[in-house]
Protein chains: 2
Amino acid sequence: MSPSSRPGAGRPTMTDVARAARVSLKTVSRVVNDEASVTASTALAVRRAIAELGYRRNEHARALRQHRALGMLGLVIKDVSNPFYSAIARGVEERVRDRGFLVVAGSSDEDAERERALLEIFCERRVAGLLVVPTGHDHSFLAAEMAMGTALVFIDRPGHNIAADTILLDNFGGARAGVQHLLDHGHRRVAFVGDLPEVFTTAERAKGYRAALRSAGLGYDRGLVRVGCHNTTSAAEATRELLAQPDPPTAIFACNNRITFGVLAALAGMGGRQPRPALLGFDDFELAAYMTPPVSVVAYDPVEVGRQAAELICRQLDRPEGRPRRIIVPTSVVARGSGELPPAGTGLYPMARAHG
Amino acid sequence: MSPSSRPGAGRPTMTDVARAARVSLKTVSRVVNDEASVTASTALAVRRAIAELGYRRNEHARALRQHRALGMLGLVIKDVSNPFYSAIARGVEERVRDRGFLVVAGSSDEDAERERALLEIFCERRVAGLLVVPTGHDHSFLAAEMAMGTALVFIDRPGHNIAADTILLDNFGGARAGVQHLLDHGHRRVAFVGDLPEVFTTAERAKGYRAALRSAGLGYDRGLVRVGCHNTTSAAEATRELLAQPDPPTAIFACNNRITFGVLAALAGMGGRQPRPALLGFDDFELAAYMTPPVSVVAYDPVEVGRQAAELICRQLDRPEGRPRRIIVPTSVVARGSGELPPAGTGLYPMARAHG
DNA sequence: TTGAAAGCGCTACCAA
DNA sequence: TTGGTAGCGCTTTCAA
């Protein structure tokens with residue numbers, strides 16, 4: 001008794017189906033692949049056998065034989081559970097669903113080693129494409145993969161030492177417009193609270209911040225800048241420090257959603273003991289409109305970022321030739337209230353005032 | 001020239017490495033798999049060739065030969081970008097990382113057809129285990145897969161027509177405790193805003209709501225119940241309707257995070273035109289503490305839900321025998337302010353009052 | 001310590 | 001319309 005005919009041991013193969021339907025292996029293959037040249041009665045017998053045995057085609061064997069990567073995309077993001085990144089994952093999934101691609105996502109947690117390990121694993125699994133929010137500072141090891149046909153797209157930050165399609169936000173322009181918005185509302189002491197300064201987006205947004213100050217003829221006051229906040233807690237701490245200064249800022253520009261949440265935490269903790277600073281955050285978030293006051297932000301669509309990244313991957317897969325593209329996703333300032341608070345600070349939020 | 005020796009065409013195989021290192025295929029295999037019986041010098045030569053050619057083991061061929069599923073888990077959730085579900089994904093990823101499992105996640109969007117399609121695809125890819133937040137009402141088609149060794153765990157809702165490990169929240173107890181909390185603060189007219197009533201969690205939470213009312217000697221007032229809200233917008237609409245009634249509720253129990261956001265939207269839209277109802281939501285969310293007033297919730301740890309689901313999968317993979325387990329994750333009421341507002345309603349939130 | 005040959009489940013190619 | 005045979009890249013088994 002051959003192994004594949006033992007009932008219950010292992011899954012049925014095409015050979016098993018062939019035996020059950022009393023046809024050849026090749027005929028089963030034809031039925032499974034919907035090839036035309038099979039008699040209706042033969043096909044029926046095969047399908048019956050398939051149903052009876054619970055046969056399911058082995059995609060690994062198939063891919064192996066066809067010399068193609070399995071329909072799988074590897075996505076490396078900072079954290080699968082961070083709404084910004086999971087929105088990207090969603091966009092990618094939507095865009096490649098019709099092509100039959102599955103998305104394997106892994107969290108790098110901003111750890112270059114972990115990132116590389118994930119990418120290596122993805123390559124061993126022969127994914128068709130790699131989508132990476134890069135953390136490490138050398139991606140040259142992916143060049144060989146690309147040469148062998150693996151598609152590669154960097155998202156949100158540029159990769160290093162390798163030419164590949166990249167999709168970025170308009171970090172500089174967005175930050176400059178956001179800070180300009182605060183300046184337009186009369187602020188002259190605008191603080192910048194940011195992530196680690198070596199992160200690409202932080203650096204770009206800091207440049208935008210400085211550019212806005214410069215064009216308003218304002219100097220750069222180091223006392224108003226706090227970077228290195230890698231999480232909500234440290235951002236809250238930085239905010240408290242900023243506001244405890246003798247001459248505190250009247251407005252705060254929060255460099256990303258994590259930072260914005262930290263600032264909100266600090267402000268919630270203060271209660272109404274001092275004039276509330278204006279707040280403008282980079283990255284929109286679902287509850288922004290329902291905060292008190294509603295939070296103004298520099299917004300863009302992260303799902304669209306994912307869709308476009310997937311689009312780039314698909315293009316590479318369809319036409320491997322072509323030089324690397326770079327897409328810049330536009331941002332816009334969404335005024336909701338927190339960014340329009342006046343410098344004086346009445347101590348009342350717009351909504352609270354309505355209640356009084 | 002054999003296909004595998006054409007430079008640039010296809011990836012190098014073990015055969016290519018063997019040729020380059022002037023050893024046999026099998027020796028390369030030994031080196032790649034860290035088998036002991038290889039001379040140091042031979043191993044060195046092989047490793048050099050591997051590095052030169054950029055060789056990477058093909059995991060598909062490997063899995064095929066070894067008759068094992070590839071180290072991959074399929075996760076079907078409602079929406080990859082919903083924080084609750086992406087937190088589950090994160091928990092799963094964390095727990096199986098050490099075992100070398102990758103997680104492929106797909107969004108069912110609460111569509112039974114899509115769910116089934118995803119599960120079929122996962123099976124064809126021979127995933128080792130399936131984690132499913134079930135939407136459909138018949139999962140008997142997975143029985144054959146389970147019999148062949150695929151692990152299966154249902155998350156958040158029970159599956160149908162099949163016995164499998166399941167991890168659920170204490171929906172009934174959580175909802176009852178939450179509503180009880182509102183009753184304890186003097187409310188007698190507590191509204192229930194919920195998702196589609198046929199969703200398991202909605203039904204269970206509604207039962208908890210009714211149980212709490214019953215034990216307080218309160219009747220069930222249909223005018224205070226709004227179900228069928230499948231998104232934030234419809235929940236906001238339902239909230240507005242509830243509050244526009246002649247005898248409006250003084251407190252609202254929101255059945256899940258989507259609903260809570262809808263209620264918050266409706267309340268934000270009202271401004272301070274009428275007494276603010278107390279609010280208690282099922283599902284915690286990151287900004288809950290920074291809302292005005294801070295939002296009280298029935299909380300639990302969704303990442304832990306993912307971890308435990310993954311734990312169940314691992315157990316099944318290790319010891320296929322054993323009857324289905326069921327885990328109930330406990331919940332707790334987190335009082336932050338919105339659930340402790342008095343029935344009278346002063347029209348001022350606690351924070352706003354501090355400012356006045 | 002090393003290698004040759006068979007075969008995993010499937011598809012490509014050629015023959016009937 | 002059907003079937004046989006070879007072989008994808010790897011591991012297993014057995015022999016040298």
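This briefing describes how two protein chains and two DNA strands are arranged in the structure above, and then looks at some local features.

The model is predicted. Chain A and chain B touch each other, with 56 residues of chain A in contact with 55 residues of chain B. Laying chain A on chain B gives an RMSD of 0.1 Å after a turn of 180° and a shift of 0.0 Å along the axis, which is the relation of a two-fold axis. DNA strand C has 27 residues around it, and 27 residues surround DNA strand D.

**Contact between the chains**

- Between the two chains, 56 residues of chain A meet 55 residues of chain B.
- Several elements of chain A each supply at least two residues to this side, among them helix H5 (83–96), strand S2 (102–107), helix H6 (112–124) and helix H11 (257–270).
- By class, this side of chain A has 30 nonpolar, 15 polar and 11 charged residues.

**Symmetry**

- A turn of 180° with a shift of 0.0 Å along the axis lays chain A on chain B with an RMSD of 0.1 Å.
- This is how copies are related by a two-fold axis.
- The same surface serves both copies, as 96% of the contact residues of chain A recur in chain B.
- A:Val104 is the residue of chain A that comes closest to the rotation axis, with its C-alpha at 2.2 Å.

**Surfaces near the DNA**

- Around DNA strand D, the closest residues are A:Ser24, A:Thr27, A:Ser37, B:Met14 and B:Asn58.
- Helices H2 (25–32) and H4 of chain A, together with helices H2 (25–32) and H4 (59–66) of chain B, each give at least two residues to the surface near DNA strand D.
- H4(B) makes the largest contribution to that surface, with 5 residues.
- The surface near DNA strand D divides into 8 nonpolar, 13 polar and 6 charged residues.
- Around DNA strand C, the residues that come nearest are A:Met14, A:Ala61, B:Ser24, B:Thr27 and B:Ser37.
- H2 and H4 of chain A and H2 and H4 of chain B each give two or more residues to the surface near DNA strand C.
- Here the largest share, 5 residues, comes from H4(A).
- The surface near DNA strand C has 8 nonpolar, 13 polar and 6 charged residues.

**Two helices of chain A**

- An α-helix has 3.6 residues a turn, so residues three or four places apart point the same way.
- Helix H3 (residues 40–53) of chain A has 14 residues, which at 1.5 Å a residue should span 20 Å, and its end C-alpha atoms are indeed 20 Å apart.
- A:Val46, A:Ala49 and A:Ile50 are the buried residues named in H3(A). They cover an arc of only 100° around the axis, so they lie on the same side of H3(A).
- A:Ala40, A:Ser41, A:Ala51 and A:Glu52 are exposed on the other side of H3(A).
- The cover over the buried residues of H3(A) includes helix H1 (14–21) and H2 of chain A.
- H6(A) has 13 residues, which should span 18 Å at 1.5 Å a residue, and its end C-alpha atoms are 18 Å apart, in agreement.
- In H6(A), A:Glu115, A:Leu118, A:Leu119, A:Phe122 and A:Cys123 are buried. Their arc around the axis is only 135°, which puts them on the same side of H6(A).
- Strand S1 (70–77), S2, strand S3 (127–132) and H7 of chain A pack against the buried residues of H6(A).

**A buried residue in a strand**

- A:Ile155 is in strand S4 (residues 151–155) of chain A.
- A:Ile155 is buried because 29 other C-beta atoms lie within 10 Å, and the cut-off for buried is 20 or more.
- A:Ile155 and A:Val133 are 22 residues apart along the chain, but their C-alpha atoms are separated by 4.8 Å.
- Residues that A:Ile155 touches include A:Ile88, A:Leu131, A:Ile167 and A:Val305.

**Backbone exceptions**

- Most residues other than glycine have a negative phi, and most peptide bonds are trans.
- The peptide bond joining A:Thr292 and A:Pro293 is cis, with omega about -10°. A:Pro293 lies in the loop between strand S9 (278–282) and strand S10 (296–299) of chain A.
- In chain B, the peptide bond from B:Thr292 to B:Pro293 is cis, with omega near -10°.
- B:Arg22 is not a glycine but has a positive phi of about 55°. B:Arg22 lies in the loop between helix H1 (14–21) and H2 of chain B, and is exposed, with 11 other C-beta atoms within 10 Å.

Note on methods
Residues numbered from 1 in each chain as written. Chains lettered and ligands numbered in written order. Predicted model: local features only at pLDDT ≥ 70, side-chain atom pairs only at ≥ 80, totals over all residues. Contact = placed C-beta atoms within 7 Å. Helix = DSSP H or I, 4+ residues; strand = E, 2+ residues; numbered from the N terminus. Nonpolar A, V, L, I, M, F, W, Y, C, P; charged D, E, K, R; others polar. Near = placed C-beta within 6 Å. Least-squares fit on C-alpha atoms with pLDDT ≥ 70 in both. Buried ≥ 20, exposed ≤ 12 C-beta atoms within 10 Å, placed from the backbone. Expected span 1.5 Å × (residues − 1). Arc of directions from axis to C-beta.
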